[in-house]
Amino acid sequence: MAEVPPGVKGMNDILAPEVSKWQFLEQQARDVLEAFAYHELRTPVLEYTPLFVRSVGEVTDVVEKQMYTFDDRDGRSVSLRPEGTASAVRAYIENAQWQKESVTRWYYIGAMFRHEKSQRGRLRQFYQVGAEVFGANEPSVDAEMIAMLVTMLTRFGLDAGALEVTINSLGEPEEREAYRNTLVAFYRQHVAKLDEDSRRRLETNPLRILDAKTPEVVALNANAPALLETLSDASKARFQRVQDLLGALGVKFAVDQRLVRGLDYYTGTIFEIKTKAGELGAQNTVAGGGRYDRLVASLGGQNTPAIGFALGIERALLAIPDSAESYEPALAVFFAPMDAAALDFALPIVHQLRGKGIRIEIEHKPGKLGKSMARANKLRARAAVIIGSNEMASGKLTVKDLANGTQSEVALADLEAWIRRLLD
Ligand code: HAM
């Protein structure tokens with residue numbers, strides 16, 4: 001036998017019934033985003049590599065270790081998108097979006113690619129629902145976005161009480177620069193306690209040490225100077241206003257002064273949502289985001305404040321308690337023709353009903369009624385229609401309500417109405 005060519009590690013097929021749960025989640029996400037007046041944005045999955053290097057940041061894990069980067073046939077370096085914000089910013093600038101509207105609200109649903117160690121809730125091709133707002137720097141926009149995200153997660157069926165919303169402010173880059181020096185001085189006094197990764201970050205990206213997972217560094221971080229305290233009064237007041245508005249919108253949250261995000265473009269408010277629900281284990285951060293007021297300009301656009309988030313679809317799905325089966329649309333009717341002539345008789349009827357949007361399966365190998373009924377039940381059909389020579393002669397079909405097992409006769413002309421009554 002020929003060897004089976006395997007799928008790529010960390011990249012999954014999504015089959016029924018799981019796909020129904022995906023569709024449910026995506027529909028809920030769209031409904032919420034549309035209610036908040038976002039428009040969908042579709043960008044390519046491939047971009048020239050410098051876009052990500054310049055936006056996500058050269059010394060981030062994503063760019064240093066995780067991108068799928070290769071030269072295309074023209075010899076230009078391209079990368080599969082590891083996230084959606086960089087592409088949204090590129091599209092915003094290239095399409096001169098600021099000339100069309102003062103505030104742009106975009107959302108996207110799509111695959112992202114990161115060469116990470118795959119495990120539950122961490123894949124190499126994973127999907128995000130993301131949203132970005134360009135052209136508005138009011139703190140109310142920050143609060144509104146975080147509240148929208150909570151609404152979305154609860155619409156998925158996650159228990160609001162099991163969500164942990166954490167926020168922090170990174171302030172302006174100039175403020176962060178001063179803090180960076182304070183932080184580096186602090187860590188230099190405790191170099192012995194730093195792990196290898198953190199020592200490297202001390203030179204490249206010291207704020208990321210705050211996010212370290214080794215117990216010694218975690219303990220050290222408890223005493224590290226807090227960024228929030230070093231921020232200007234204006235930044236502090238802005239952050240306070242975000243918190244006040246979150247309170248007014250009924251969002252429960254905690255300020256975590258150690259929260260830093262893994263991507264370099266952030267300024268001001270940042271946030272993450274974890275969930276205690278479901279089967280997530282260690283990968284329980286379902287969503288993250290924040291402001292990136294300098295990114296559009298740094299990629300050559302106008303000075304444009306912006307904020308966004310992305311949520312991991314696989315992780316959200318793991319946290320939704322209901323089984324995938326419960327999201328599967330039930331079959332309306334199963335048609336069971338008894339012989340070849342009955343199949344020929346039934347096929348045009350079925351075709352017409354399907355054209356009217358009724359979900360129908362028909363047995364193409366007519367014969368054993370018992371077998372057909374077993375399939376109808378397996379497919380969770382609401383009703384079965386049985387067609388044999390008697391039915392063809394009389395024009396009256398034998399119909400069976402599979403919920404209660406009652407069998408009756410329905411004239412062909414009344415069949416659609418009968419099915420619709422049943423489905424109501
Ligand atoms: P991020 O925190 O890198 O942010 O990713 C957002 C979410 O995507 C994570 O919280 C997680 O749920 C999911 N995710 C990330 N990596 C993986 C993976 N390997 N497997 C499964 N799920 C994953 C961003 O991507 C930013 N672009 C968010 C943003 C938008 N900030 C501003 N605008």
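**View A. Where helix α1 meets helix α6 in this predicted model.** On the α1 side, the contact (heavy atoms within 4.5 Å) is formed by Phe24, Gln28, Ala29, Asp31, Val32 and Leu33, and these meet Met148, Met152 and Arg155 of α6. By class, 6 of the residues are nonpolar, 1 is polar and 2 are charged. Here Ala, Val, Leu, Ile, Met, Phe, Trp, Tyr, Cys and Pro count as nonpolar, Asp, Glu, Lys and Arg as charged, and the others, Gly among them, as polar. Helix α1 spans residues 18-35 and α6 residues 139-155; they pack at about 145 degrees with axes 9 Å apart. Axes are lines fitted to C-alpha atoms, for helices over the stretch in contact, and angles run from 0 to 180 degrees between N-to-C directions. The crossing is right-handed, meaning that the near helix is turned clockwise from the far one by less than a right angle, while anticlockwise would be left-handed. Helices (H or I, at least four residues) and strands (E, at least two) are DSSP runs, numbered from the N terminus.

A word on reading these views: residues are numbered from 1 along each chain as its sequence is written, and side-chain values use heavy atoms, with hydrogens and water left out. The model is predicted, so local features need pLDDT of at least 70 and side-chain atom pairs count only at pLDDT 80 or more, while totals for chains, interfaces and linings use all residues.

**View B. Helix α7 crossing helix α8.** The axes of α7 (residues 173-188) and α8 (residues 196-204) come within 10 Å and cross at roughly 145 degrees. This crossing is left-handed. Arg180, Val184, Tyr187 and Arg188 of α7 touch Leu202, Glu203 and Thr204 of α8. Sorted by class, that contact holds 3 nonpolar, 1 polar and 3 charged residues.

**View C. The surroundings of the ligand.** You will find 26 residues around the ligand (each with a heavy atom within 4 Å of it), and the closest are Glu83, Glu116, Leu123, Glu132 and Tyr266. Look next for the polar contacts, which are pairs of N or O atoms within 3.5 Å. The side chain of Thr85 places an N or O atom 2.9 Å from a nitrogen atom of the ligand. A polar side-chain atom of Arg261 is 2.9 Å from a ligand oxygen atom. Thr285 takes part through its backbone, where a polar atom lies 3.0 Å from an oxygen atom of the ligand.

**View D. Ile273 in strand β9.** Ile273 sits in the strand formed by residues 269-275. Ile273 counts as buried because its relative accessibility is 0%; buried means under 20% relative accessible area, exposed over 50%, and partly exposed in between (1.4 Å probe, protein chains only). Beyond its neighbours within four places in sequence, Ile273 has contacts that include Leu149, Val150 and Leu153, as well as Thr285 and Val286.

**View E. Backbone spots worth a second look: Pro17, Ala37 and Ala96.** Most residues other than glycine have a negative phi, and most peptide bonds are trans. The bond from Ala16 to Pro17 is cis, with omega near 0 degrees, and Pro17 belongs to the segment before α1. Ala37, in the loop between α1 and β1, has a positive phi of about 65 degrees and is partly exposed at 46%. Ala96 lies in the loop between α4 and α5; its phi is near 45 degrees, and at 18% relative accessibility Ala96 is buried.

Notes:
Polar contact = N/O pair within 3.5 Å; in protein donor to acceptor, adjacent residues only side chain to side chain.
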